[in-house]
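Subject: Structure handover and notes

Dear colleague,

I am passing on the structure we spoke about, and I would be glad if you could look through it with the notes below beside you. Please take your time over it.

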Amino acid sequence: MGVLELIQQKAFIGPEFLTWLWFRSEIEHRIPIRGGATVEIELLGPIVLEAQYGDARSGTLKGESPATSPEARTALIEGKKLKKTRMRWKRDDAEWTFTLDGETFHVSGMAVPMPGRLPFDDAIAMRMEVLADFERMLEALFDVFLELRLDAKAWPDELERIHEWVREK
C-alpha cells in the first residue's frame, strides 16, 4: 500500500477532530491541554460540513454564527462532520484567528496576537514565537483528542455525549 492510500484511509480523523473541537467548545468553552493550560475555542464562519455518502455530500454555512444555526444541527444529525472552518483560539491574553482544513490540517489566513509597534527584528522574533505557541496548542489539542479517540473504554462514552449534544443542539 502506498503513502497516498494510507493518507486517504486516515483522512476521516481530521474531520472527526474538528467536529470534536466544535462539540467541546460548546459544552466546555475551555479545553484543558497538557501543562495545566486551557484553550478557549470559538467557531466562526464559514463552516464546511461533509458526509462520505449520499448526493448532498458537502455544504457550506455562512452568516453571523453558522455553528449554532438550525442547518448546522441538521447536518450533524445527517452524520456530516466538520471538514473546514474559521476559528478563534484564546489562551490567556493571546488570540489566534485562522482557518483549519480537517483533511489536510492546512492552516490559512492566520491572524496572530502581536503587541504594538516593535523594532523589525523583535517583531519577527515575536511572530515566530507566537506561531510556535499555536503549533504547540494544535499538537496538544490533537493529543488530547487522539488519547480519547484511541481509548476503547472512553471513546464510546464521549461519542454518546456528542450524540446527545447533537440531539439537544
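The notes that follow go through what was found, one region at a time. Please keep in mind throughout that this is a predicted model.

Helix α4

A good place to start is helix α4, which runs over residues 120–149. This helix has 30 residues and reaches 43 Å from its first C-alpha to its last, which is close to the 44 Å expected at 1.5 Å a residue. Which residues of α4 are buried? They are V130, D133, F134, M137, L138, A140, L141, F142, F145 and L148. When you look at how they are placed along the chain, it may help to recall that an α-helix has 3.6 residues a turn, so residues three or four places apart point the same way.

Two other residues of this helix are not on that list of buried positions. F120, which also has its place in α4, counts as exposed because its relative accessibility is 64%, and the cut-off for exposed is over 50%. M126 lies in the same helix, α4, but counts as partly exposed because its relative accessibility is 34%, which falls between the cut-offs of 20% and 50%. On the surface, M126 forms a nonpolar patch with M114 and L118, and together they have about 220 Å² of accessible area.

Helix α5

R161 lies in helix α5, which covers residues 154–168, and with 39% relative accessibility it counts as partly exposed. Its side chain is joined to the side chain of E158 by a polar contact of 2.9 Å. Leaving aside residues up to four places away in sequence, R161 touches F23, R24, I27 and E28. As for distances, the C-alpha atoms of R161 and G14 are separated by 19 Å, although these residues are 147 places apart along the chain, whereas F120 and H163 are 43 residues apart in sequence and 49 Å apart in space, C-alpha to C-alpha.

Strand β5

Is T99, which lies in strand β5 (residues 94–101), buried or exposed? T99 is buried, because its relative accessible area is 15%, which is under the 20% cut-off. The side chains of T99 and R86 are joined by a polar contact of 3.2 Å. R86 is also one of the residues that T99 touches when those up to four places away in sequence are not counted, the others being K84, T85, H106, V107 and S108.

With best wishes

Terms used: Residues numbered from 1 in each chain as written. Predicted model: local features only at pLDDT ≥ 70, side-chain atom pairs only at ≥ 80, totals over all residues. Heavy atoms only, no water. Patch = residues over 30% accessible without salt bridge, like charges linked within 9 Å, V, L, I, M, F, W, Y side chains within 5 Å. Areas by Shrake-Rupley, 256 points an atom, 1.4 Å probe, with all protein chains shown as cover. Salt bridge = Lys/Arg side-chain N within 4 Å of Asp/Glu carboxyl O. Helix = DSSP H or I, 4+ residues; strand = E, 2+ residues; numbered from the N terminus. Buried < 20%, exposed > 50% of the residue type's maximum accessible area, 1.4 Å probe, protein only. Contact = heavy atoms within 4.5 Å. Polar contact = N/O pair within 3.5 Å; in protein donor to acceptor, adjacent residues only side chain to side chain. Expected span 1.5 Å × (residues − 1).
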